[in-house]
Amino acid sequence: MLSAPISPERAGAVLTVDLAALCENWRLLNRKLSPGNDCGAVVKANAYGLGAEQVAPALHDAGCEIFYVAHLDEGIALRKILGQSPRIIVMHGANPGFEKETFRHGLIPVLSTPQQILSWRKFAEDADVLQETVVQVDTGMNRLGLSEQEFMGHMNDPERFQGLTPLALMSHLACASTPDHPLNKTQLERFISSLSVFRTKFPAAKGSLANSSGIFLGDAWHFDLTRPGAALYGIAPQDGGPNPMLPVVGLQARILQVRCVDSTETVGYGATFRAADGAKLATVSIGYADGFLRALSNAGTARLDGIAVPVAGVVSMDLLTFDVSNVAGSAAVPGAMIDIIFNTHTVDDVARNAGTIGYEILTSLGQRYARRYLPANPSGLGL
Ligand SMILES: *Cc1c(COP(=O)(O)O)cnc(C)c1O
């Protein structure tokens, strides 16, 4: 990690993160939920690449009181950023042996395996502490969580959940961004059934099933705690559907050089792009090392002076060339900024061109950008 911020004047590209739009997205999700629902924020992987240090406090100021991270170390770092008040839930749980650290930083572990549950129970007994936990049950994703059989085994044994203080029972949806997928209903039914069994032992336990897309499946999927990530950052919650979220991310790259070529010339490594006669090419200071994926070679587009400009040739590590033949000479000059991600060409559009999903574009965003944070509206009213 670089310690000093990168100056926008010197940087090859500028990444803009709109914290007001981020907070408005969180409020928009809240409006879809019933008043008692605790809408959290998933800020794992450095808030999907956008900077947990800026994103998490902005959401906390907007009223968010539950944060989700994947790793214990992310939780420890987030606790320093946010102070003592909000709940921080560590989705990968406490690896056996790290219960004490989890507890010491006031982090809530998600317990997904019999071993994690057993180790946590022993720790809680030995240290004589009551600390909230979340128990995860698998309902069809087959990734993390107790199997149905393991879950029932724990329920039927008076000892195995002994000494736990579960805040919630949680599960994760596999196909929530595809509303018609039959697995959504199947997982919902399994979760309802596990939750009602769980509440025979822990009547106050909350239910948590929905990620961003799950919130859009409807009220039945909401339960008590929701865990949106992607939608906060502007990613469309439903595949192929309209996107109700505000764009949060912008990216602009500076032109280093402009050249005119004729049709005998090719562009870039491997000579994969043949320029037209009299073509004008602009090279910018951004490449796959900055998260502009190599899959965007000859596939991506950007915008210069309001005009769409296609990627010409293969994306290099630090450089990328656009065909700017259609742009006026006065606009296509060294120092001018090419819009890479903007309101009508979002993270999802870039992802589509690269054959991937917005999540991967965001979490690939590089460390060499100057990062500009547009402030959240401190009144919390949203504009
Ligand atoms: C990442 C993650 C989320 C957030 O999902 P989005 O699709 O980004 O809203 C929620 N729950 C779990 C278990 C996750 O791993």
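A polar contact is taken here as a pair of N or O atoms within 3.5 Å. By this criterion, the predicted model places an oxygen atom of the ligand in polar contact with the side chain of Asn211, an N or O atom of which lies 3.0 Å away. The side chain of Tyr48 likewise presents an N or O atom to an oxygen atom of the ligand, at 2.5 Å. For a nitrogen atom of the ligand, a polar side-chain atom of His172 is found at a distance of 3.4 Å. The ligand on its own exposes 390 Å², of which 92% is buried by the protein.

The site of binding was examined next. The ligand occupies the largest pocket, where it is surrounded by 14 residues. Lys44, Tyr48, Ser212, Ala230 and Tyr359 are the closest of these. By residue class, the shell around the ligand comprises seven nonpolar, four polar and three charged residues.

At the level of the whole chain, the domain assignment yields two segments: domain 1 spans residues 32–233, and domain 2 spans residues 249–380. A distance of 38 Å separates the C-alpha centres of domain 1 and domain 2. Contact between the domains involves nine residues of domain 1 and eight residues of domain 2.

Methods. Residues numbered from 1 in each chain as written. Predicted model: local features only at pLDDT ≥ 70, side-chain atom pairs only at ≥ 80, totals over all residues. Heavy atoms only, no water. Near = heavy atom within 4 Å. Polar contact = N/O pair within 3.5 Å; in protein donor to acceptor, adjacent residues only side chain to side chain. Areas by Shrake-Rupley, 256 points an atom, 1.4 Å probe, with all protein chains shown as cover. 1 Å grid on protein atoms, 1.4 Å probe; cavity = no way out; pocket = protein on both sides within 12 Å on 5 of 7 lines; lining within 4 Å. Sits in = over half its atoms within 2 Å of the grid points. Nonpolar A, V, L, I, M, F, W, Y, C, P; charged D, E, K, R; others polar. Domains from an automatic or database assignment. Contact = heavy atoms within 4.5 Å.
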